[in-house]
Amino acid sequence: MNPLARQSDPIAAVATAPGRGAVGIVRASGQDLSALVRALCGRALEPRHATLLTFRDAQNGIIDTGLALYFPAPHSYTGEDVLELQVHGGPVVLHLLLGRLLALGRAIGLRAAEPGEFTQRAFLNGKLDLAQAEAVADLIDATTETAARGAGRALAGELSNRVHALAEALRELRALVEATLDFPEEDIDFIRAAGVAARVQALEAQVAEVLARTRQGALLREGIRVVLAGQPNVGKSSLLNALAGAELAIVTDVPGTTRDRVSQAIQIGGVPLHIVDTAGLRETSDTVESIGVARSWDAIAEADAVLFLHDLTRLESPAYAQAEAQIAQAVAGHAPRGATLLHVWNKSDALDEAEARKRCRDFAAAQAWDEAAQPGLLLSTRTQAGLDDLRQALLAACGWQALPEGVFLARTRHVQALAGCAEHLQTARRLLGASCPALDLLAEELRLAHQDLMAITGEVTADALLGDIFGRFCIGK
Ligand SMILES: Nc1nc2c(ncn2[C@@H]2O[C@H](COP(=O)(O)OP(=O)(O)OP(=O)(O)O)[C@@H](O)[C@H]2O)c(=O)[nH]1
Ligand SMILES: [K+]
Ligand SMILES: [Mg+2]
């Protein structure tokens, strides 16, 4: 759909989820729905009042009795006239009522709405900015309470307000710098006197702070993809089951038990995680197992975080330790740049704690790892000792901190734009540090930084991006 095409047509759709419910809603939006209201309801409706009515089909048969609400423009969700009809929530009733509405509205060009079109109109009519419109979809899709609250904060404008304030400060700064381009005689002294360098630096700090919060928000929205990796029999499937609290994967003492990847969505402290159990990594001549091992590597290549499991009971065997070291290195090389790699030392129940710590320290020292300094994460999937610490360490390693003021939900798109803005500000600061700054380059960096911010709220946004964002909504939203 071209998001900007046909945007003036009146539209209608069922606004509630498919299936049966106590109440279902049919909604219409258009620049002037007064004639449609009269045609359907037999009279004009008092704005924003619920009116009890019987809705009838073309043959004057009763469809249902329910409520009609009329929100004349501009005081509505979309900013246009909106008519909302609440009836009993059965698919047939809603289908009949929508059909009747579309038939009556044919004269004014009423058509069925496309996905996200109501919210898109709210955006185009300035009721919401783009980040808030995205938050509407995220609120609907939220899978945890924390995510839903975060989407609520984004919808209320927590991200947008911060970004608007930053954009405004940048706009002023640009005006200052661009003025000197027109009056070169004032140039450098003017820039110095106006304290441009200090203002760029202050902005940089503010952008960094919003970026950190936005990264958290993106984590909350996208979830974290955690892959359990290691040699056969280290306890990967046992860990998946422990984290999921259910016997999802087969656990046996036979090495090479797991072949297919087994995934499970869980949450830790409100953060959604996708846990992926994989086949144990080893050389094998078994056809099926080698396909499984290839899939393990694929999973590692797509991970946000890898939990690399070691078996404490076998660490003292030189053959095991040697293979472990090689595989650990290969895993580190195979995981995406920026992915988190955590070493987990499993089966701690089989030996006393001092001995367990000594074994992982010795192993880490032999590999000359930085981890030699750290005690590492001891775990027993059998007794669940260390499982809570593992959960917290995993979140922390992925950059999650439960911020006191709460997190707003955000998207990777927002993180990228803010990171871009931060980079341009950094370049601007470097330019200003030169003894004779190139003011045209400075102006350009500030313009690019400003543009990145405006992309978040949708003040400058490509049509294709709009189509992509609104196309992912459900119909009726
Ligand atoms: N003592 C002890 N044994 C464990 C622990 N975790 C797993 N095991 C045992 O280790 C063996 C292998 O466990 P799995 O969970 O199947 O190991 P895996 O890494 O998934 O193995 P593959 O799928 O073959 O790669 C089983 O016999 C488990 O009971 C633990 O914390 N303590
Ligand atoms: K096994
Ligand atoms: Mg397994």
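This report walks through two sheets, the helices packed on them and a few unusual backbone spots in a predicted model.

## The sheet with β1 to β6

Let's start at the N-terminal end. Six strands form an open sheet in the order β3-β4-β5-β2-β1-β6, and the pairing is mixed. The edge positions go to β3 (51-56) and β6 (111-112); each has a single partner strand, so one side of each is left without a neighbour in the sheet.

Strand β2 (residues 21-30) is a good one to click on, as it is mostly covered, with seven of its 10 residues buried. On one side, β2 pairs with strand β1 (residues 11-14) in the antiparallel sense over four bridges. Strand β5 (residues 81-89) is another antiparallel partner of β2, this time over nine bridges. Arg27 is a handy marker here: in β1, Ala13 stands opposite Arg27, while in β5 the bridge partner of Arg27 is Glu84.

The hairpin of β1 and β2 has six residues between the strands, and Gly19 there takes a positive phi near 110°. Moving along the sheet, strand β4 (residues 62-71) runs antiparallel to β5, and five bridges join the two. Ala68 has Leu85 of β5 as its bridge partner.

The loop between β4 and β5 is home to Pro74. Have a look at the peptide bond joining Ala73 and Pro74: it is cis, with omega at about 5°.

## Helices on that sheet

Two helices lie across these strands. Helix α1 crosses β3, β4 and β5, running at about 30° to β5. Helix α2 lies across β1, β2, β3, β4, β5 and β6, and runs at about 150° to β5.

How do α1 and α2 sit against each other, and what is the angle between them? Helix α1 (residues 34-41) and helix α2 (residues 91-104) pack at an angle of about 125°, with their axes 10 Å apart. That angle is neither over 145 degrees nor within 65 to 115, so α1 and α2 are oblique to each other. Leu36, Ala39 and Leu40 of α1 make the contact with Arg100, Leu101 and Leu104 of α2. The crossing of α1 past α2 is right-handed.

## Helix α6

Helix α6 (residues 158-182) is worth a quick ruler check. With 25 residues at 1.5 Å a residue, α6 should span 36 Å, and its end C-alpha atoms are 37 Å apart, which agrees. Several α6 residues are buried, including Leu159, Val163, Leu166, Leu170, Leu173 and Val177. An α-helix has 3.6 residues a turn, so residues three or four places apart point the same way. The buried set in α6 also includes Ser160, Arg174 and Thr180.

## The sheet with β7 to β12

Further along the chain there is an open sheet of six strands, ordered β8-β9-β7-β10-β11-β12, with mixed pairing. Its edges are β8 (262-268) and β12 (377-378), each with a single partner strand, so one side of each has no neighbour in the sheet.

Strand β9 (residues 271-277) runs antiparallel to β8, and seven bridges join them. Two residue pairs let you trace the register: Val262 is the bridge partner of Asp277 in β9, and Gln264 stands opposite Ile275 in β9. With two residues between the strands, the β8-β9 hairpin has Gly269 at a positive phi near 55°.

Helix α11 (residues 318-334) lies across β10 (305-311) and β11 (340-346), running at about 180° to β10.

Strand β11 contains Asn346. Is Asn346 buried or exposed? At 1% relative accessibility, Asn346 counts as buried. Among the residues that Asn346 touches are Val234, Gly235, His310, Asp311, Leu379 and Thr381. Leu309 is also touched by Asn346; the two are 37 residues apart in sequence but 6.5 Å apart in space, C-alpha to C-alpha.

## Positive phi outside glycine

Two residues other than glycine have a positive phi. Arg48 lies in the loop between α1 and β3, and Gln384 lies in the loop between β12 and α13 (387-397).

| Residue | Phi | Relative accessibility |
|---|---|---|
| Arg48 | near 55° | 46%, partly exposed |
| Gln384 | about 70° | 42%, partly exposed |

Note on methods
Residues are numbered from 1 along each chain as its sequence is written. Chains are lettered from A and ligands numbered from 1 in the order in which they are written. This is a predicted model: local features need pLDDT of at least 70, side-chain atom pairs count only at pLDDT 80 or more; totals for chains, interfaces and linings use all residues. Side-chain values use heavy atoms; hydrogens and water are left out. The expected span of a helix is 1.5 Å times one less than its number of residues. Buried means under 20% relative accessible area, exposed over 50%, partly exposed in between (1.4 Å probe, protein chains only). Two strands pair if DSSP finds at least two bridges between them. Contact means heavy atoms within 4.5 Å. Axes are lines fitted to C-alpha atoms, for helices over the stretch in contact, and angles run from 0 to 180 degrees between N-to-C directions. Angles under 35 degrees count as roughly parallel, over 145 as roughly antiparallel, 65 to 115 as roughly perpendicular and the rest as oblique. A crossing is left-handed if the near helix is turned anticlockwise from the far one by less than a right angle, and right-handed if clockwise.
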